[in-house]
Amino acid sequence: MTASSRQISPQPSAPSSEPADVIGDQAAQNQVPPLTGYNLFLSDRTLVQAVEREGAGWAREQITELGRFLGTEEAQRWGFEANENKPVLHTHDRLGNRRDEVVFHPSWHNLMRISVANRLHSLPWESGRPGAHVARAALMMLTAQNEAGHTCPISMTFSAVAALRAEPELAAEWEPRILSSAYDPRFAPAQEKSGVLLGMGMTEKQGGSDVRANITRAERIGSSREYLITGHKWFCSAPMCDAFLILAQAPQGLTCFLLPRWTPDGKRNAFHIQRLKDKMGNRSNASSEVEFVRAWAHVVGEEGRGVQTIIEMVNHTRLDCAIAAAGLMRQALAQAVHHARHRAAFGKLLIDQPLMRNVLADLAIESEAATLLMIRLAHAFDHWERDERERAFCRVATAIAKYWLCKRSPMHVGEALECLGGNGYVEESVMPRLYREAPLYSIWEGSGNVMCLDVLRALAKEPATVEALLAALQSTAGADKRLDVYVESIGNRLSAEAGDKYAARDLTEKLALALQASLMLRYSSPAMAERFIASRLAGQHGHAFGTLTEEVNVEDILSGVVEPLAAPK
Ligand SMILES: Cc1cc2nc3c(=O)[nH]c(=O)nc-3n(C[C@H](O)[C@H](O)[C@H](O)COP(=O)(O)OP(=O)(O)OC[C@H]3O[C@@H](n4cnc5c(N)ncnc54)[C@H](O)[C@@H]3O)c2cc1C
């Protein structure tokens with residue numbers, strides 16, 4: 001845009017400043033103060049209510065404290081520093097010996113220490129308290145808003161426990177180390193450390209989604225449950241973890257193994273880090289290519305049932321993808337609303353411009369729907385062991401929520417970024433980091449198509465999933481005619497189309513929207529639920545955010561989004 005084509009208008013809220021002699025020294029006017037010194041939890045009304053409602057009120061104090069800390073300038077700075085100073089791989093020492101270590105910035109370690117101390121990697125396993133998954137989901141959602149990269153090893157460590165339990169003796173040995181709330185980043189044998197972290201290695205050069213194509217081999221050592229692994233992994237995140245659940249081909253077929261960085265007799269295992277990926281985002285986290293040269297490993301579960309074993313881990317990381325995607329949307333919304341409350345254009349604060357109100361309200365509705373669906377999924381994880389229906393719901397809703405929230409977050413974050421104008425595109429703001437992070441959740445732990453095909457698989461092979469979905473949707477039957485009609489049309493497709501792979505995205509999207517609409521009817525303000533249903537289900541919406549066709553009470557919608565900076569903590 002040329003200077004002459006811009007419309008210039010008075011800036012009503014611009015702070016007054018002394019005139020400066022030199023243009024470059026002029027005090028910045030109409031710029032927005034950083035969003036800092038606020039409580040990420042208390043300023044999120046939807047999350048606060050969800051924590052109470054879903055039986056996680058016992059963790060309120062901890063979540064409040066973490067929410068306060070993550071809003072401080074110190075925690076925000078750690079997030080920036082950990083991403084600006086990428087991890088560095090040292091393959092060899094100065095004498096030419098293999099070293100295979102990754103060195104991180106101190107801020108990475110600070111972030112990891114806080115997350116481990118808050119038991120983001122272990123809470124449901126150690127507490128067993130009702131609502132522990134919801135409590136953890138809230139903690140994780142807040143953490144991902146500040147710095148998402150380091151939640152990768154946190155999530156993998158948490159999730160690995162579910163699979164490790166297929167090998168009870170091994171689990172008995174490793175769980176106490178995993179459940180420790182001490183972060184011990186030393187590269188040392190696990191038995192010498194005060195706390196350990198776990199990663200995952202499935203993806204190989206020739207296939208990530210199709211892990212059955214793995215060519216890494218496992219040779220059994222005598223008749224023991226120990227093996228030697230030879231092969232590679234094309235993506236292996238957080239290679240400084242202490243052990244990895246990996247897949248390899250054993251005589252009976254694809255099998256899951258625990259492969260530690262050090263052998264039980266205290267020697268470095270033959271786990272060679274070839275290089276780190278140069279990634280578009282997720283820069284604080286190291287993602288590597290690794291090779292195994294007869295590396296020692298212990299089998300986990302039955303030989304030949306590797307996918308069935310490791311899927312327990314994968315399901316939990318998929319939950320975390322949904323949590324993080326909701327977190328990214330929430331943080332993007334908070335930044336956009338904060339900006340619009342402070343920045344003026346054309347004689348008004350942006351938040352008072354009708355079209356910006358449409359955009360912000362639409363983003364807020366999307367973020368609320370994401371949080372509710374994510375929490376509903378965490379609730380299912382809390383109850384599946386005791387409740388058959390929740391088990392079936394969990395089976396299918398994990399794929400639905402992972403697909404839909406991860407699909408929506410890049411678009412949502414991109415639109416929120418634009419609310420900040422040019423400042424949103426500059427690295428000093430957190431928006432570029434959120435934007436680069438967002439597509440990742442859709443790729444790993446089962447990319448979009450893979451998730452939708454998994455929905456079909458669940459519907460076709462486990463009829464209880466159809467019943468569980470319908471029961472969830474019928475919980476609000478009669479509350480809104482448009483939702484009733486929508487649910488009826490999907491209900492007719494659930495069994496009939498379970499084999500129609502071509503339509504899998506369409507069906508999964510509609511299931512997600514129906515679940516979100518039902519949740520909004522139950523837990524959101526009537527105005528928000530009404531706009532969600534009108535726009536997402538009844539067609540009163542364009543293809544971009546900011547195309548709500550009827551006015552909503554924006555103040556009401558946005559009042560719970562982020563408190564002004566001066567709000568009591
Ligand atoms: C930053 C990062 C970190 C990662 N960390 C790890 C890690 O720690 N451990 C690990 O094991 N992996 C890791 N991965 C790998 C990731 O899980 C895979 O990239 C992902 O599973 C997809 O596999 P792929 O890259 O081989 O793609 P492909 O499997 O080749 O898939 C390519 C595309 O085809 C689609 N597709 C696949 N099958 C079908 C089908 N039947 N029908 C229709 N479409 C289909 C997929 O949805 C995808 O869009 C990481 C990836 C990234 C980007």
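**Exercise 1. Classify H133 as buried or exposed, and identify the residues that it touches.**

Solution. In this predicted model, H133 has a relative accessible area of 7%. The cut-off for a buried residue is under 20%, so H133 is buried. As to its place in the fold, H133 belongs to helix 6, which spans residues 132–146. When residues up to four places away in sequence are not counted, H133 touches P124, F158, H316, L319, A378, F381 and D382.

**Exercise 2. Determine how strand 7 is paired and whether it is enclosed or open.**

Solution. Step one concerns strand 6 (residues 243–250), which runs antiparallel to strand 7 and is joined to it by 8 bridges. Within this pairing, A248 stands opposite T255 of strand 7. The connection between strand 6 and strand 7 is a hairpin of 2 residues.

Step two concerns strand 9 (residues 287–300), which is also antiparallel to strand 7 and shares 3 bridges with it. Here F257 has V299 of strand 9 as its bridge partner.

Step three turns to burial. Strand 7 covers residues 253–260, and 8 of its 8 residues are buried; therefore strand 7 is largely enclosed by the rest of the structure.

**Exercise 3. Derive the relative orientation of helix 10 and helix 17, and describe their contact.**

Solution. The axes of helix 10 (residues 354–383) and helix 17 (residues 526–537) come within 10 Å and cross at roughly 95°. Angles of 65 to 115 degrees count as roughly perpendicular, so helix 10 and helix 17 are roughly perpendicular to each other. Helix 10 contributes D362, A364, I365, E366, E368 and A369 to the contact, while helix 17 contributes M528, R531, F532 and R536. By class, the residues of this contact comprise 5 nonpolar, no polar and 5 charged.

A salt bridge links the side chains of R536 and E366, with an N to O distance of 2.7 Å. Since R536 lies in helix 17 and E366 in helix 10, the pair ties together parts that are 170 residues apart in sequence. Both R536 and E366 are buried.

**Exercise 4. Derive the relative orientation of helix 14 and helix 15, and classify the residues of their contact.**

Solution. For helix 14 (residues 463–474) and helix 15 (residues 481–496), the axes come within 11 Å and cross at roughly 175°. Angles over 145 degrees count as roughly antiparallel, so helix 14 is roughly antiparallel to helix 15. The contact consists of V466, L470 and L473 from helix 14, together with V487, G491, L494 and S495 from helix 15. These residues divide into 5 nonpolar, 2 polar and no charged.

**Exercise 5. State how many salt bridges the whole structure has, and examine the pairs R330 with D44 and D184 with R186.**

Solution. The search of the whole structure yields 39 salt bridges. In the pair R330 and D44, the closest N and O atoms are 3.4 Å apart. R330 is part of helix 9 (residues 306–342), whereas D44 is in the segment before helix 1 (45–53), so this salt bridge ties together parts that are 286 residues apart in sequence. Both R330 and D44 are buried.

In the pair D184 and R186, the closest N and O atoms are 2.8 Å apart. D184 is buried, with a relative accessible area of 9%, whereas R186 is partly exposed at 43%.

Technical notes:
Residues are numbered from 1 along each chain as its sequence is written. This is a predicted model: local features need pLDDT of at least 70, side-chain atom pairs count only at pLDDT 80 or more; totals for chains, interfaces and linings use all residues. Side-chain values use heavy atoms; hydrogens and water are left out. Buried means under 20% relative accessible area, exposed over 50%, partly exposed in between (1.4 Å probe, protein chains only). Helices (H or I, at least four residues) and strands (E, at least two) are DSSP runs, numbered from the N terminus. Two strands pair if DSSP finds at least two bridges between them. Contact means heavy atoms within 4.5 Å. Axes are lines fitted to C-alpha atoms, for helices over the stretch in contact, and angles run from 0 to 180 degrees between N-to-C directions. Angles under 35 degrees count as roughly parallel, over 145 as roughly antiparallel, 65 to 115 as roughly perpendicular and the rest as oblique. Ala, Val, Leu, Ile, Met, Phe, Trp, Tyr, Cys and Pro count as nonpolar, Asp, Glu, Lys and Arg as charged, and the others, Gly among them, as polar. A salt bridge is a side-chain nitrogen of Lys or Arg within 4 Å of a carboxyl oxygen of Asp or Glu.
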